[in-house]
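Biologist: I would like to go through this model with you before I plan anything around it. Please put it on the screen.

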Amino acid sequence: MMNSEWLLGPTRQLQPSQRTEIWLADISGGPAELVYTSRTILLEAPNWAPDGRGLLLNGDGLLWRLDLDTGRLSQVALEGVPPLNNDHVVDAARGLIYVSTNDGHIWTAPMGGGPGSRITHDASRYHFLHGISPDGTTLAFVELPAGDFTAAGRLALIATAGGDTRYLEAGSKHLDGPEYSPDGAWLYVNTEEFGTQQGHAQLARVAAEGGRLEQLVVSETVDWFPHLSPNGEFATYVSFPIGTRGHPADLDVEVRLVRTTDWSTPIARYPLFGGQGTINVNSWSPDSRRFAFVAYPINA
């Protein structure tokens, strides 16, 4: 039975005849490499581990590490932390991971496992984590009124040490996926501010202290989760079909690779069956040469 504290519902599971596939691709734009498959656990949202040798993912409410040398999947024990939602960011310098959990809050714990602690405390709000400032002092997240997924997501910041939430000016329409640029000057987001209809998310950026949104690419597709490489030269994002609302699971989508100097001309496109969980968080390798994404094919 689901604990009544877990407000966001049960963790996602694979459908019958569905599998998790974890892929790696590189900045050359060549074919992606399949590095892991599972028919028993639905894994989501890969972060590249700071040591460059593994991926950190959530699955079944837990945090996992996939060792890329051996292909071994092992659980990272986050003590006292509620079941994970699907968003997490890494603070490599301090050896910490910050996670969104199914109680609607943001928690932190040692990246290698250990006791966790809660960062947010307002029970009237849901907090969906996406970014951490390069100096490790600030988390960027999207906030919603608890229980109201029809409300527009609001861009918010909180110190990694906890404290009061700050709200940034970033338009009036629904916004998601705020992630810092490597120099800390910008927050990259997807927003409906420039959309032609409700749900038409487009990629944009806003100054790290808020202000006017700057659209990065104009498209008819529904584009989510811009992720910059650590050197700032490349980015990935996931493109949903025209007319999609939100970022649902189990659709034909594309992961697109671009140069940050030209968001309109993809270097490569990787079509797959997925969406939710495919690339919710930054999945770039520390050397800025490779990135990870997840597909969920059924009977393929």
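The questions below go from confidence and overall form to the sheets, the cores and two single residues.

Biologist: What is the average pLDDT of the protein?
Modeller: This is a predicted model, and 97% of the residues score at least 70. The protein averages a pLDDT of 95.

Biologist: Over which residues does pLDDT stay under 50?
Modeller: Where pLDDT is low, the predicted coordinates should not be read in detail. The model has 4 contacts beyond four places in sequence for the stretch in question. That stretch with pLDDT under 50 is residues 1-5.

Biologist: How many helices and how many strands are there in the protein?
Modeller: A helix has to run for at least four residues to count, and a strand for at least two. On that basis the secondary structure comes to 0 helices and 25 strands.

Biologist: What is the radius of gyration of the protein?
Modeller: The C-alpha trace spans about 45 × 40 × 35 Å along its principal axes. For 300 residues the globule rule gives 19 Å, and the protein's value is close to that, so the protein is as compact as a globular protein of that length. Its radius of gyration is 18 Å.

Biologist: What percentage of the 300 residues is buried?
Modeller: A residue is taken as buried under 20% relative accessible area. The protein exposes about 12,400 Å², with carbon and sulfur atoms supplying 49% of that surface. Buried residues make up 53% of the 300.

Biologist: Which strands stand at the edges of the sheet β13-β14-β15-β16?
Modeller: This is an open sheet of 4 strands with antiparallel pairing. β13 is joined to β14 (residues 138-145) by 7 bridges, and arginine 125 has proline 145 in β14 as its bridge partner. Each edge strand has a single partner, so one side of each is left without a neighbour in the sheet; the two are β13 (125-132) and β16 (166-167).

Biologist: In β18, which residue stands opposite tyrosine 180?
Modeller: β17, β18, β19 and β20 form an open antiparallel sheet in that order. β17 (175-180) is at an edge, and it pairs with β18 (residues 186-191) over 4 bridges. The residue opposite tyrosine 180 is leucine 187.

Biologist: Which strands each supply at least two residues of the largest nonpolar core?
Modeller: That core has 20 residues, and Trp224, Val238, Val255, Tyr270, Phe291 and Phe293 touch the most other members. The strands are β21 (222-228), β22 (234-240), β23 (251-259), β24 (268-274) and β25 (290-295).

Biologist: How many residues are in the second, separate core?
Modeller: Its members include Leu43, Trp48, Ala292 and Tyr296. The second core has 15 residues.

Biologist: Leaving aside neighbours within four places in sequence, which residues is phenylalanine 293 in contact with?
Modeller: Phe293 is among the residues of the largest core that touch the most other members. Contact here means heavy atoms within 4.5 Å. The residues are Glu21, Ile22, Trp23, Ala25, Ala32, Pro46, Val255, Tyr270, Leu272 and Thr278.

Biologist: Is valine 222 buried or exposed?
Modeller: Valine 222 is found in strand β21. Leaving aside neighbours within four places in sequence, its contacts include Gly199, His200, Val238 and Phe240. With a relative accessible area of 1%, valine 222 is buried.

Biologist: How far apart in space are valine 222 and valine 238?
Modeller: They are 16 residues apart in sequence, and valine 238 is one of the contacts of valine 222. From C-alpha to C-alpha the separation is 8.5 Å.

Notes:
Residues are numbered from 1 along each chain as its sequence is written. This is a predicted model: local features need pLDDT of at least 70, side-chain atom pairs count only at pLDDT 80 or more; totals for chains, interfaces and linings use all residues. Side-chain values use heavy atoms; hydrogens and water are left out. A nonpolar core is a set of buried Ala, Val, Leu, Ile, Met, Phe, Trp, Tyr and Cys residues joined through side-chain atoms within 4.5 Å. Buried means under 20% relative accessible area, exposed over 50%, partly exposed in between (1.4 Å probe, protein chains only). pLDDT is the predictor's confidence in each residue, from 0 to 100. Two strands pair if DSSP finds at least two bridges between them. The radius of gyration is taken over C-alpha atoms; the globule rule is 2.2 Å times the number of residues to the power 0.38. Accessible areas come from the Shrake-Rupley method with a 1.4 Å probe; for residues, only the protein chains shown count as cover.
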